[in-house]
Amino acid sequence: MAKSKAPATTPADGDTPLRHLYLIDGSGYLFRAYHALPPMNRPDGTPINAVFGFCRMLVADLLDNPEIDHIAMILDAGSVTFRNQIYDKYKANRPDPPEDLIPQFPLIREAARAFNVTVCELEGYEADDLIATYARMAVEAGGTCTIVSSDKDLMQLVRPGVELMDPIKKIKLGPEAVFEKFGVTPDKVVDVQALAGDSTDNVPGAPGIGIKTAAQLINEYGSLEALLERTQEIKQPKRRESLQNNAELIRISKQLVTLRDDVPTPAEPEAFDKRKPDPNVLLPWLEQQGFRTLLQRFTSELGEASAPVAPANAPAKKADPTPAPAASASKKPNREFTPADYEMIQDEKLLDEWIAEATRAGTVAFDCETDGLDSNNAGLVGVSLALLEGPWGDVNSTRRRAAYLPLMHKVPGGAVQGALDLLGDGGDKDAGKLLEGQIPFKTAIEKLKPFLEDPAVLKVGQNIKYDMAVFRRHGVEIGPVDDTMLISFVLDAGKNNHGMDELAELHLGQKTIKFSDVAGSGSKQVTFDKVPLDKARDYAAEDADVTMQLWARLKPRLVPERVTSMYETIERPLIPVLISMESAGIKVDALKLKGLSTDFEKRLAELEGEIHKIAGREFNVGSPKQLGEILFDEQKLPGGKRNKNGSWATDASVLEDLAAQGHPLPVKILEHRQLAKLKGTYTDALMRQVDAKTGRVHTSYHMTGAATGRLASTDPNLQNIPVRSEEGRKIRQAFIAETGYKLLSADYSQIELRLLAHVADIPALKEAFARGDDIHAITASEMFGVPVKGMDPLMRRRAKAINFGIIYGISAFGLANQLGIGQQEAKEYIAKYFQRYPGIRDYMERTKDFARKHGYVLTPFGRKIHLRFIHDKSQGMRAFAERAAINAPLQGGGADIIKRAMIRLPGALTAAKLNARMLLQVHDELLFEVPEKELDKTRDVTRKIMESAASLTVPLVVDTGVGDNWAAAH
């Protein structure tokens with residue numbers, strides 16, 4: 001059974017018998033209301049027209065309707081369903097929703113909860129399948145069902161006891177309306193849809209046959225199968241050929257359009273009792289949205305809420321000059337809010353009050369404190385919470401609140417408290433006993449779990465991936481979430497860093513308490529569980545307080561700056577995917593690593609002897625000063641440059657220049673440095689980083705490390721292991737699959753060149769990719785006048801260097817160095833390249849002009865990458881920024897594509913009932929651990945999802961490999 005999400009409400013004692021069930025097609029209604037109503041913004045600028053229409057429909061048409069006794073809203077749980085396994089192109093080319101509709105999807109969930117309407121969704125299935133199932137169950141229970149939707153796909157469900165209601169036109173649709181739309185009775189709608197297809201959803205159907213013709217055929221032959229068995233009787237040649245040539249696609253189309261009415265249900269329909277809204281939830285939410293008419297009505301009907309809370313979202317004036325009714329008469333007097341106001345939660349009653357207050361508010365900042373940085377092993381020490389209690393936009397309001405909940409603080413140096421192990425928290429067993437004044441750990445988790453998992457409460461964090469990973473180990477799946485670090489990243493990537501300290505100073509003018517201020521530094525630094533409670537409170541509560549303020553300032557910028565889609569559909573959905581990958585880790589062969597380390601050590605000793613022999617004497621190979629003296633004072637090599645301290649520069653660029661000139665000593669030094677790095681960074685370090693509990697290494701992915709959107713891997717860094725060197729391949733051999741499993745590598749082929757062909761619109765490149773040609777060989781043939789067949793590999797390598805060098809804005813000097821040729825020859829290569837592909841030059845100039853005008857560039861998917869030095873006074877820095885501008889849309893576009901694939905893959909694998917786990921992402925490659933018996937199917941699903949992650953004017957191609965270790969799979 002597919003994993004489903006629990007409904008927002010649960011059955012209560014005394015549930016009324018099901019007589020009339022109303023099922024709201026939530027997403028369908030949101031789209032319909034968005035296009036039907038004029039633009040509306042709430043006070044912070046967030047678009048709200050579709051949500052307002054939904055609330056108005058709920059109140060006017062549904063909640064006040066006495067014939068309705070049960071009601072639920074049905075939503076899609078994800079973009080990948082079982083239909084994608086039937087036909088991988090299903091819904092592949094659907095455009096993203098309008099930018100100002102995207103932020104309204106989470107708000108419709110909030111609206112349903114505010115009005116006490118159950119929300120249901122089911123992973124692996126569409127909302128329409130759940131609707132079909134609940135409609136069947138309602139009729140079988142002796143009731144009737146009204147589906148609130150105008151979606152034509154749901155017309156197949158109309159029958160005695162089941163009708164559709166158009167939520168905008170307020171008219172009910174029965175069999176007559178279905179016949180008017182499709183020309184057939186409801187029971188034959190799927191046959192007509194299968195023939196006609198649907199371009200919006202990529203349902204293929206039969207080419208050349210539309211709804212009208214399909215209806216005629218089905219009415220004449222009685223059913224789709226009868227028609228396909230008798231196609232030879234059709235007189236029109238084109239129609240007959242279309243049916244005969246596409247019979248299999250037509251049958252697949254019927255599977256795609258037929259709604260399942262037997263899916264596992266998250267709750268029984270009897271649980272969907274229509275209930276009155278809770279004033280403590282509804283009234284603050286209506287105030288937050290600025291829905292004044294509804295607020296006045298329900299304040300009168302339900303009575304005022306007890307201390308309702310409306311969190312501020314942004315500094316903005318209210319659009320409606322009419323003052324809202326006072327939510328409570330017990331507000332604090334205005335005065336400056338200081339850390340002295342931070343609260344300490346040390347008893348269960350206060351924790352319950354905070355949870356209730358945060359639930360009413362609907363948005364809470366959340367942070368956890370731990371005794372380490374490794375989310376897979378760190379012990380949870382405490383939790384901080386913060387609220388902004390309105391009025392709208394007043395982020396410096398006196399009604400800010402923040403608190404710290406200590407859980408596992410210990411007396412420094414005390415004796416071990418044996419009871420600790422009973423809590424299952426682990427922790428440092430050499431630490432002292434728990435300080436008094438802390439709620440029992442297990443009790444606190446039990447109270448926090450339903451709150452942190454409440455789908456109607458938004459949890460805001462700074463790098464919340466870490467907090468989610470820590471709490472997952474305690475059985476808590478935090479969600480829904482916002483991440484101020486990621487919001488800042490999609491707004492200002494390239495402008496500034498996105499850590500809390502920098503953001504607080506930049507946006508709030510606030511210097512935050514540093515960890516060293518409370519925990520000490522150097523050898524005297526203690527873990528957070530040893531920090532005194534008062535200092536811990538100030539530090540931790542400030543984290544949540546600052547996070548809440550940053551959210552209120554940054555979140556409202558998403559829509560006007562047109563990056564909502566990037567945040568909502570790429571960055572935020574990637575968080576749980578990365579958590580799962582980090583938790584899974586990858587197995588390593590410790591004996592293999594140890595053997596490699598020994599081999600590398602022997603080779604380093606041999607290299608050191610060779611270096612000493614070339615130098616003519618012994619010296620410390622690791623000393624830049626001594627090396628400089630050998631190279632430039634004793635051997636008198638040319639091109640020496642001195643550092644500011646007067647010593648000779650011996651960095652990699654200097655040694656590479658000397659090596660290119662044929663000097664043997666720099667060649668051996670570079671080889672020694674590379675091998676020493678591999679030994680220290682990988683073979684030695686990886687053995688220390690193997691998790692004792694899992695026998696695997698667990699890297700951590702940083703989501704804001706590169707302005708282009710590329711992920712960074714640390715602790716350990718698994719993205720920079722050399723692929724082409726023999727030593728690098730040996731290290732990859734140490735990454736192995738578990739017994740009974742294989743490693744599957746799936747790698748995008750030449751994705752940046754494909755993006756270049758797409759964004760620069762290069763016909764010759766696009767045609768070559770469409771034919772599946774070897775681009776590097778084609779380039780070599782055209783550049784150097786040699787035939788593709790029997791081509792010298794050196795020619796292809798040169799062409800490859802030119803192809804990728806152009807993407808990075810390479811100069812004649814740089815290309816000359818890379819190919820080992822003269823600058824004039826390199827200059828001629830570049831000129832000839834642009835002559836062959838003039839569109840590339842146009843793209844480069846167009847992109848640089850855009851960057852100079854706007855200060856940023858965009859990927860094809862809307863990622864904004866700022867270029868800090870595009871107007872710098874230094875010509876060198878400007879040139880650097882221009883080269884970055886040329887490459888950023890391509891590298892960033894590649895990052896966007898693989899992230900889109902990563903988000904869709906877990907659901908696709910689950911829908912296909914496959915047990916593969918995604919372990920690593922390395923630039924354009926994904927690595928999976930796959931049960932041996934599921935290899936072929938997993939490879940097919942993986943390739944289909946990755947190759948359909950974006951719609952370009954050139955095909956995306958994924959190369960796959962399988963092996964017992966990473967090197968063999970690549």
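Which residue in S12 is the bridge partner of Lys 459? Keep that in mind while you load things up, and remember that you're looking at a predicted model.

**Stop one: the six-stranded sheet**

Start by selecting S11, residues 458-461, together with S12, residues 481-483. These two strands run parallel to each other and are paired over three bridges. Show Lys 459 and Val 481 as sticks, and there's your answer: Val 481 is the bridge partner in S12.

Now bring in the rest of the sheet. It's an open one with six strands, and if you walk across it you'll pass S7, S10, S9, S8, S11 and S12 in that order. The pairing is mixed. At the edges you'll find S7 (343-344) and S12, each of which pairs on one side only.

**Stop two: the helix on the sheet**

Next, select residues 533-554, which is helix H20, and you'll see that H20 packs on this sheet. Colour the strands H20 touches: S7, S8 (363-370), S9 (380-388), S10 (400-406), S11 and S12. For the orientation, compare H20 with S9: their directions make an angle of about 45°.

**Stop three: the four-stranded sheet**

Jump along to S21 (917-922) and S23 (958-963), the edge strands of another open sheet, each pairing on one side only. Its order is S21-S22-S18-S23, with antiparallel pairing. Going from one strand to the next, the twist averages 20°.

To finish, zoom in on S21 and its partner S22 (residues 925-931), an antiparallel pair joined over five bridges. Put Leu 920 and Leu 927 in sticks: Leu 920 stands opposite Leu 927, which sits in S22.

Conventions
Residues numbered from 1 in each chain as written. Predicted model: local features only at pLDDT ≥ 70, side-chain atom pairs only at ≥ 80, totals over all residues. Heavy atoms only, no water. Pairing = 2+ DSSP bridges. Contact = heavy atoms within 4.5 Å. Axes fitted to C-alpha atoms, helices over the stretch in contact; angles between N-to-C directions.
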